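Subject: Structure handover

Hello,

Here is the structure I promised to pass on. Please open it first, then read my notes below.

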Amino acid sequence: MITTVSVFHPVSQTGFADWAALLAASAADSEGCLSARVSTVADGRFEPAVAATFVDEEACDRWVDSPRRAEILRDGRVHGWLASAPMLELVDGVPPPPGVGAFRHDIVSGKVGAFIDAQRDLTGAAREFSGYEGTSLFVDEDRETALSVLRFRTDRQLSAWVSSRERGAALSGLRSSLTHDFETMSSTTAFGTTVRNDHGRIRQTPNWKSAMMVLLVLYPTVMVLSRFLGPVLDRIGAQPWLALWLSQVVSVGLMQWWLMPWAAKPFRRWLDPVDGNSLRSNLAGAGVILLVYVGCLAIFANVTWLQFWDYVDS
């Protein structure tokens, strides 16, 4: 998924809410749009903004490049409702742009008001820090979820804020309104490495965890391809050097686009460089993977139908 965030600096608030709703509606009517929302604006603490979430980049581009959106933006400029920053694109699985912090929140039932008040306090504290440019807050009161987007001029200034004592003090009120701690946007590569923007720093899965995940998928993949693809390549006369290359092309393709993403899902928390960094989590995840290793070895050692060496032409 991809979420666009358009931030505005209206000369006058008169009529702006209706115009922003019209812009959001144009996104909602666009094919592939999952949601479109106007930001929560309270006491001047939050930036007026419109966020639209799409299934993929192609759907997003269709709306961004659409004549309807261009027409609405032109009408907005006539009234003085101008963009105050370049449009942000927040892609699931990709860290936010430099200086930008994007956080998802699940709000305790009935505490939407308390959540907004806590965000107002948090934003008030952030405004005192160098490089602060603004905060956009999008609240879905029906689902009791929210997205907050914090903008600083540089990553260094964002890091200074997120690691500050002032932020730590303000977060206590925010956390009391959430079902669990807020989530920063993160990404997991096809080969089991999760990249996460945490407190302004880019952190990633330890190499030993990624290696364990690759081995978890690589061994059964190679064994199965050797059993079923290898004989096919032999029958069509492929030379050993070519057959091995073709087999590797297939195995890498399967792992890149299907097997590794599928296998990594149950280990998502363990692969997370922040949430999965405790000793208990490290040991538990590694223990489960070792058990899967043993299971795979047992299967290929005892199921003769899967033993490729019995099917190699001599």
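Is Val224 buried, partly exposed or exposed? Val224 is partly exposed, because its relative accessible area is 35%. Bear in mind that this is a predicted model. Val224 sits in helix H7, which covers residues 207–235. Together with Phe228, Ile299, Val303 and Trp305, Val224 makes a nonpolar surface patch. That patch covers about 430 Å².

**The chain as a whole**

The protein chain has 314 residues, and 46% of them count as buried. Its secondary structure comprises 10 helices and 12 strands. The accessible surface is about 16,900 Å². Carbon and sulfur atoms account for 58% of that surface. Now take the contacts between residues at least 6 apart in sequence. Of these, 69% join residues at least 24 apart.

**The cores**

The largest nonpolar core has 21 residues. Phe115, Ile116, Val139, Leu150 and Trp161 have the most contacts inside it. Five elements each supply at least two residues of this core: helix H4 (112–126), strand E7 (132–140), strand E8 (145–152), helix H5 (155–162) and helix H6 (165–175). H4 gives the most, with 7 residues.

Which residues does Val139 touch, once its neighbours within four places in sequence are set aside? Val139 is in contact with Arg37, Thr40, Ile107, Val112, Phe115, Ile116, Thr145 and Ala146. There is also a second, separate core of 20 residues. Ile2, Leu23, Ala24 and Ile72 are among its members.

**Strand E3**

Next, look at strand E3, residues 49–54. How many of its residues are buried? The count is 6 of the 6, so E3 is largely enclosed by the rest of the structure. In a regular strand the side chains alternate between the two faces of the sheet. Here, Ala49, Ala51 and Thr53 point one way. Val50, Ala52 and Phe54 point the other way. Both sets are buried.

E3 has a pairing partner in strand E2, residues 33–38. The two pair in the antiparallel sense over 5 bridges. To find the register, start from Val38: its bridge partner in E3 is Val50.

**Salt bridges**

The count comes to 5 salt bridges. Here are some of them.

- Arg68 and Glu71: the closest N and O atoms are 3.7 Å apart. Both residues are in helix H3 (residues 67–78). They are 3 residues apart, so about one helical turn separates them. Arg68 is partly exposed at 39% relative accessible area. Glu71 is also partly exposed, at 43%.
- Glu133 and Arg151: these side chains meet at 3.0 Å, N to O. The pair links distant parts of the chain, with Glu133 in strand E7 and Arg151 in strand E8, 18 residues apart. Glu133 is partly exposed, with a relative accessible area of 39%. Arg151 is buried, at 8%.
- Arg143 and Asp140: the closest N and O atoms are 4.0 Å apart. Arg143 is exposed, with a relative accessible area of 66%. Asp140 counts as buried, at 18% relative accessibility.

One of these pairs belongs to a network. Glu47, Glu133 and Arg151 are linked by salt bridges.

**The loop between E7 and E8**

What is the phi angle of Glu144? Phi is near 55 degrees, a positive value in a residue other than glycine. Glu144 lies in the loop between E7 and E8. Asp142 is found in that loop too. Asp142 is exposed, because its relative accessible area is 77%. Its C-alpha atom is 9.9 Å from that of Ser109. Asp142 and Ser109 are 33 residues apart along the chain.

**Where to look first**

Start with Val139 in the largest core, where Val139 is among the residues with the most contacts. Then go to E3, which is largely enclosed. Follow with the salt bridge between Glu133 in E7 and Arg151 in E8. Finish at the surface, on the nonpolar patch that includes Val224 and Trp305.

Best wishes

Notes:
Residues are numbered from 1 along each chain as its sequence is written. This is a predicted model: local features need pLDDT of at least 70, side-chain atom pairs count only at pLDDT 80 or more; totals for chains, interfaces and linings use all residues. Side-chain values use heavy atoms; hydrogens and water are left out. A nonpolar core is a set of buried Ala, Val, Leu, Ile, Met, Phe, Trp, Tyr and Cys residues joined through side-chain atoms within 4.5 Å. Buried means under 20% relative accessible area, exposed over 50%, partly exposed in between (1.4 Å probe, protein chains only). Helices (H or I, at least four residues) and strands (E, at least two) are DSSP runs, numbered from the N terminus. Contact means heavy atoms within 4.5 Å. Patches are made of residues with over 30% relative accessible area and no salt bridge: like charges are joined within 9 Å, nonpolar side chains (Val, Leu, Ile, Met, Phe, Trp, Tyr) within 5 Å. Accessible areas come from the Shrake-Rupley method with a 1.4 Å probe; for residues, only the protein chains shown count as cover. Two strands pair if DSSP finds at least two bridges between them.
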